[in-house]
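Work through the following exercises with the sequence and the model open side by side. Try each task before reading its solution.

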Amino acid sequence: MDFDRDVSKYLDKHKGEPSVGSLIDSDDLKYINDLYGHDAGDAALKTFAKVLEDNFGQLGKVCRNGGDEFAVFLKRTTRTEGRAIFKKLFRQKLTFSYQGKDYPYTISLGFAVYPDQGASREELLNKADTALYAVKMTGKGTMAAYHPDMVKEGRAQLGFNLRDLAVNLPGAFFIYRADDGKILFANRELLRITECSSMEVFIEFIGRKVKGLIAPEDYAEAVESCDQQVGDSDDTVAHMVKNPYFGQIYYVILSPKPEQK
């Protein structure tokens with residue numbers, strides 16, 4: 001890869017001179033693909049690539065690592081300078097255009113400093129990757145500089161992320177869009193309760209809409225409960241949030257009613 005070769009050559013030629021390596025993710029590309037299609041996802045990536053080139057191309061090197069991840073290398077840059085440069089990126093309103101409409105998106109960024117935190121390109125970007133992972137574990141949409149307390153083994157030792165937690169919650173859990181009742185996510189326990197072997201089978205079973213999951217006689221009450229954000233029944237708790245891609249969505253946890261004694 002030209003990026004790897006050029007950065008390695010630069011570091012060999014400028015040994016000891018401060019530089020910054022960064023890894024940057026376009027958050028929730030999967031959601032963009034699911035909601036608007038892969039053409040929209042490609043539009044988002046192309047727009048983001050141009051944003052990175054416009055911001056950092058004159059300061060160093062930019063490349064796409066694959067998927068939704070990009071690498072940025074800043075020449076002759078200290079930790080303090082790098083942080084200030086990256087903050088300018090986060091102050092920008094990031095949007096991509098698709099079929100004549102603008103959509104917002106967020107990014108996550110981790111960076112590390114040569115030579116203090118990495119004596120080679122590979123080590124430098126590994127530290128940046130560790131910082132990026134720390135951002136992802138705390139909710140995305142921000143940046144972090146590498147710190148020794150960020151243990152790289154966390155990827156293997158922890159072995160989970162926020163999606164894993166949602167999938168494996170002990171209670172039944174699902175997410176649906178408020179404006180049309182479309183179910184966007186269901187965890188394993190809900191699939192088990194509905195005797196569905198996969199999300200695809202579940203979607204076919206309920207018709208993708210929350211109406212297919214709730215008995216008709218209970219639907220009005222359930223919607224009212226969600227509108228109040230905290231269900232007033234014994235077996236439902238809901239919370240509404242605003243999502244940049246899906247608009248108003250509900251997170252709903254279902255728990256069994258206690259047995260009557």
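**Exercise 1.** Determine which elements cover the buried residues of helix 4, and which residues of helix 4 are buried.

*Solution.* The model is a predicted one, and the first step is to pick out the residues of helix 4 with under 20% relative accessible area, which are Gly 82, Phe 86 and Leu 89. These three span an arc of only 40 degrees around the axis, so they lie on the same side of helix 4. The next step is to look at what lies over them, and here the cover includes strand 1, helix 3 (38-56), strand 3, strand 6 and strand 7. Turning to the other side of helix 4, one finds Thr 80, Lys 88 and Arg 91, which are exposed.

**Exercise 2.** Work out the order of the strands in the open sheet and say which strands stand at its edges.

*Solution.* Five strands make up the open sheet, and reading across it gives the order 2-3-1-6-7, with mixed pairing. Strand 2 (60-66) and strand 7 (143-145) each have a single partner strand and therefore stand at the edges, with one side left without a neighbour in the sheet. Direction ignored, neighbouring strands of this sheet are turned by 15 degrees against each other on average. For one pair in detail, take strand 1 (residues 19-26) and strand 3 (residues 69-74), which run antiparallel and are joined by six bridges; in this pairing, Leu 23 has Ala 71 of strand 3 as its bridge partner.

**Exercise 3.** Describe how helix 1 and helix 4 pack on the sheet.

*Solution.* Begin with helix 1 (residues 2-13), which touches strand 1, strand 2, strand 3 and strand 6 (107-114), and whose direction makes about 25 degrees with that of strand 3. Helix 4 (residues 79-91) also packs on the sheet, where it touches strand 1, strand 3, strand 6 and strand 7, and its direction makes about 165 degrees with that of strand 6.

**Exercise 4.** Locate the cis peptide bond, and then place Gln 99 and Glu 195, each of which has a positive phi.

*Solution.* The cis peptide bond joins Tyr 114 and Pro 115, with omega at about 0 degrees, and Pro 115 is found in the loop between strand 6 and helix 5 (121-137). Gln 99, although not a glycine, has a phi of about 50 degrees; this residue sits in the loop between strand 4 (95-98) and strand 5 (101-104), and is exposed, with a relative accessible area of 72%. Glu 195, which is not a glycine either, has a phi of about 55 degrees, lies in the loop between helix 8 (188-193) and helix 9 (199-206), and is exposed at 73% relative accessible area.

Terms used: Residues are numbered from 1 along each chain as its sequence is written. This is a predicted model: local features need pLDDT of at least 70, side-chain atom pairs count only at pLDDT 80 or more; totals for chains, interfaces and linings use all residues. Side-chain values use heavy atoms; hydrogens and water are left out. Two strands pair if DSSP finds at least two bridges between them. Helices (H or I, at least four residues) and strands (E, at least two) are DSSP runs, numbered from the N terminus. Axes are lines fitted to C-alpha atoms, for helices over the stretch in contact, and angles run from 0 to 180 degrees between N-to-C directions. Contact means heavy atoms within 4.5 Å. Buried means under 20% relative accessible area, exposed over 50%, partly exposed in between (1.4 Å probe, protein chains only). The arc is that of the directions from the helix axis to the C-beta atoms.
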